[in-house]
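Visitor: Could you take me slowly through the aromatic rings of this protein, and then through the pockets around them? I would like a close look, with the terms explained as they come up.

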Amino acid sequence: MDAFFASVEEREHPEYKGKPLGVGGGSLRGVLSTANYEARKFGVHSAMPTSVAFRKCPQLILVECNFELYKKISTQIREIFKEYTDLVEPLSLDEAFLDVTRNKKNIKLAVDIAKEIKEKIKAKTGLTASAGISSNKFVAKIASDFRKPDGLTVIHPSIAEDFIAKLPIEKFFGVGKVTASKMHKIGIKKGSDLKKLSKEELVSKFGKSGTYYYNIVRNIDNRLVEPHRKRKSFSLERTYEFDLTTKEQIKGKLDFLIDGLSDLIKSHKVSGCTITLKVKYADFKQITRCKTTEEIIDSKDIIAKSAYYLMKKVELDKKGVRLLGLGISNLKINEKI
């Protein structure tokens, strides 16, 4: 979908159309969930601190997230997908992979399916969607972002490798900001640069991900569309309007995350073996600490014990804390929760 949260807010509030709009953020210490295309002209984008967004665009309209509405519309869109195939793998509320090699309507060309889906989404929700079509997940994902908004891009297998070779490395699906920066430092600016390195060199520099990079730059991606992909973790995090500077303040906010994480695992009937604590300081330096136990983590008391243990491992010094996060992984289904 195109700037999904912002597009929904514009649909609900026509007075926002044509004006720069950000969704989320909460306070000046928060982070935007998304921004509409008018705001992006000023350099405002998702995951940007609200304070930075307002410096770039003082006239920015900021609204809170309405997740219940976004989920409702997301469900409507997935129902449209299911008219064509059951092989639908959601990436988020507004993105999904579809395998239409064999489809319920026996439509021969994937581009015709994409056109129909886009038209139905527009008719059903009033929103525009962009689609990318190719022979594998990696190239299809990149293609879907290629001509936003309301785009439709087909990358035929015969030109895919050349397309990837010309692609800036920061546009690669699966290459984040940190990795892109590391690649730039060693002279990898686009796909053709990446392709010059051997598999052994990439693995030595990027670990297991090196094999992935070696393959995708050669248009090798054999991952299947997985409709029932298992969730690997649950987490919560909060950015605070004022820095936390005392142990008492931090404990109070940590207790709130413990309560929330406990409710999450209960509602999803899961337990886990690993607790991860995330701390971002006032200077934006970020650390994580994790603990894996033989004891199954399936209650608030056990989450709290692990979280307090990890918090003792964090150096506070004179730094304030602007963000705390708490997560659980190595999940197990637990029907007794």
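Guide: A charge is said to sit over a ring if NZ of Lys or CZ of Arg is within 6 Å of the ring centre and within 35 degrees of the ring normal. Keep in mind that this is a predicted model. Arg-218 fits that description, since it lies over the face of Tyr-214, at 3.8 Å from the ring centre. There is another case at Tyr-37, where the charged end of Arg-40 sits over the ring, 4.5 Å from its centre.

From charges over rings we can turn to rings beside rings. A pair of aromatic rings is described by the distance of the centres and the angle of the planes. Searching the whole structure gives 10 aromatic pairs. One of them joins Phe-4 and Tyr-70, and this pair is tilted, with 6.2 Å centre to centre and 55 degrees between the planes. Phe-4 belongs to helix 1 and Tyr-70 to helix 4, so that the pair links distant parts of the chain, 66 residues apart. Both Phe-4 and Tyr-70 are buried. A pair with another geometry is formed by Phe-206 and Tyr-213, which are edge-to-face at 5.7 Å centre to centre, with 85 degrees between the planes. Phe-206 has a relative accessible area of 13%, and it counts as buried because that value is under 20%. Tyr-213, at 4% relative accessibility, is buried as well.

Ring pairs also build a cluster, which links Phe-4, Phe-5, Phe-67 and Tyr-70.

Phe-67 leads on to the pockets. The largest pocket has a volume of about 1500 Å³, and of the 30 residues lining it, the closest to its centre are Ser-33, Phe-67, Ser-235, Glu-237 and Arg-238. Among the elements that give two or more residues to this lining are helix 4, helix 12 and strand 9, while strand 8 gives the most, with six residues. By class, the lining of the largest pocket divides into 10 nonpolar, nine polar and 11 charged residues.

Arg-40, whose charged end sits over the ring of Tyr-37, returns in the second largest pocket, which has a volume of about 1300 Å³. This pocket is lined by 27 residues, and Arg-40, Ser-46, Glu-95, Lys-141 and Asp-145 are those nearest its centre. Helix 1, strand 2, helix 2 and helix 6 each give two or more residues to the lining of the second largest pocket, where 12 residues are nonpolar, six polar and nine charged.

How values were computed: Residues are numbered from 1 along each chain as its sequence is written. This is a predicted model: local features need pLDDT of at least 70, side-chain atom pairs count only at pLDDT 80 or more; totals for chains, interfaces and linings use all residues. Side-chain values use heavy atoms; hydrogens and water are left out. On a 1 Å grid over the protein atoms alone, a cavity is a set of points where a 1.4 Å probe fits but cannot get out, and a pocket is an open set with protein on both sides within 12 Å along at least five of seven lines; lining residues have an atom within 4 Å of a point. Grid points are joined across faces, edges and corners, and a volume is the space filled by probe spheres set on the points. Helices (H or I, at least four residues) and strands (E, at least two) are DSSP runs, numbered from the N terminus. Ala, Val, Leu, Ile, Met, Phe, Trp, Tyr, Cys and Pro count as nonpolar, Asp, Glu, Lys and Arg as charged, and the others, Gly among them, as polar. Rings of Phe, Tyr and Trp (its six-membered ring) pair if their centres lie within 6.5 Å; planes under 30 degrees apart count as stacked, over 60 as edge-to-face and the rest as tilted. Buried means under 20% relative accessible area, exposed over 50%, partly exposed in between (1.4 Å probe, protein chains only).
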